[in-house]
Amino acid sequence: MRKTARGSRRVGTRKQPSQARSKALVDALIQTTARVLLRDGWQMLTTNRIAREAGVSVGSLYQYFPNKEALLLALIERIADEMTERLIEVGTVLRDAPVEEGIVTIVRAALDVSRRDAPLYRAVLVELPRQGALELFERVNRRLADALTEWLVARRDELDVVDPSLAAHVLVTSLDALTDHALLFHPELLDSPRFERELHALVSGYLGVRRPEPRPRRGGPRSRSPRGAVAGGRSAA
């Protein structure tokens, strides 16, 4: 078992399900954990309640999970895996995207991570530090940062970026903090076009997006006639 960021040993499953029936049982227990956590909160989440609502015995639950912490960690890992799969798709879209499209893709990916299944993600987010499971979501950020780094390298000539890897880390960490804060305290912002525009401006400004120079008009800029001049070069009387 891996160690948490706090140095304590992570509680994991007692055994891995191998047959279809046992996999279905574990899946039902994790789904029930999510449902009870959303409805009743962490304090009311118990192995007895989860087993009862999943329609299995507590003994069957204990074959795979020693306590409710292990069930929550399994739920967190599943959410992190689903987010990572979504970001693989984002990386594919981002790879050949022009600058403006790439920025839109990055911002919307950060928003989508927080607003999909937002109530469940919010409930889990509150428990992450207490469960020592922050590193599970750090790997989600690394996935987005890796895709962003590749894109920044490809678009380096169009952006003011010295270190693409560091720039990707700064951007992903900033977007993660802003969207997580919105999820916890101002969830309405996640669907706000204004909030999305502000995130877009943040990313554009940080990357130093170089706007194309305006093309000069044919024949050069028009010279304005001196005040008081009239056609034919005569001064007004």
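Start by selecting helix 9 and colouring its buried side chains: F195, E196, L199, H200, V203, S204 and L207. Keep in mind that you're looking at a predicted model. The helix covers residues 193–207, so 15 residues in all, and spans 21 Å from its first C-alpha to its last, close to the 21 Å expected at 1.5 Å a residue.

What do those buried residues pack against? Show helix 5 (99–115), helix 7 (134–154) and helix 8 (164–185), and you have the partners of the buried residues of helix 9. Then step just past the end of helix 9 and click on G208, which follows the helix and has a positive phi, near 60°.

Next, hop over to helix 5 and pick G102, which has its place there. Is G102 buried or exposed? Its relative accessible area is 0%, so G102 counts as buried. Bring up its surroundings: leaving out residues up to four places away in sequence, G102 touches L94, A97 and W151. While you're here, draw a distance from G102 to L148, C-alpha to C-alpha; the two sit 8.9 Å apart in space and 46 residues apart in sequence.

Now for the rings. How many aromatic pairs are there? The count comes to 1. Select Y121 and F137: their ring centres are 5.5 Å apart and their planes meet at 35°, so the pair is tilted. Y121 belongs to helix 6 (residues 118–131) and F137 to helix 7, so the pair ties together parts that are 16 residues apart in sequence. Check the burial too: Y121 and F137 are both buried.

One more side-chain stop: select W42 and K68. Look down on the ring and you'll find K68 over the face of W42, at 4.1 Å from the ring centre.

Finally, zoom out and switch to cartoon. You should count 9 helices and 0 strands, and tracing from the N terminus the order reads α-α-α-α-α-α-α-α-α. Colour by burial and 39% of the 237 residues come up as buried. Turn on a contact map if your viewer has one: of the contacts with a separation of 6 or more, 70% are between residues 24 or more positions apart. Last, show the surface, which comes to about 14,500 Å² of accessible area, with 51% of it belonging to carbon and sulfur atoms.

Terms used
Residues numbered from 1 in each chain as written. Predicted model: local features only at pLDDT ≥ 70, side-chain atom pairs only at ≥ 80, totals over all residues. Heavy atoms only, no water. Helix = DSSP H or I, 4+ residues; strand = E, 2+ residues; numbered from the N terminus. Buried < 20%, exposed > 50% of the residue type's maximum accessible area, 1.4 Å probe, protein only. Contact = heavy atoms within 4.5 Å. Areas by Shrake-Rupley, 256 points an atom, 1.4 Å probe, with all protein chains shown as cover. Expected span 1.5 Å × (residues − 1). Phe/Tyr/Trp six-rings, centres within 6.5 Å; stacked < 30°, edge-to-face > 60°. Lys NZ or Arg CZ within 6 Å of the ring centre and 35° of its normal.
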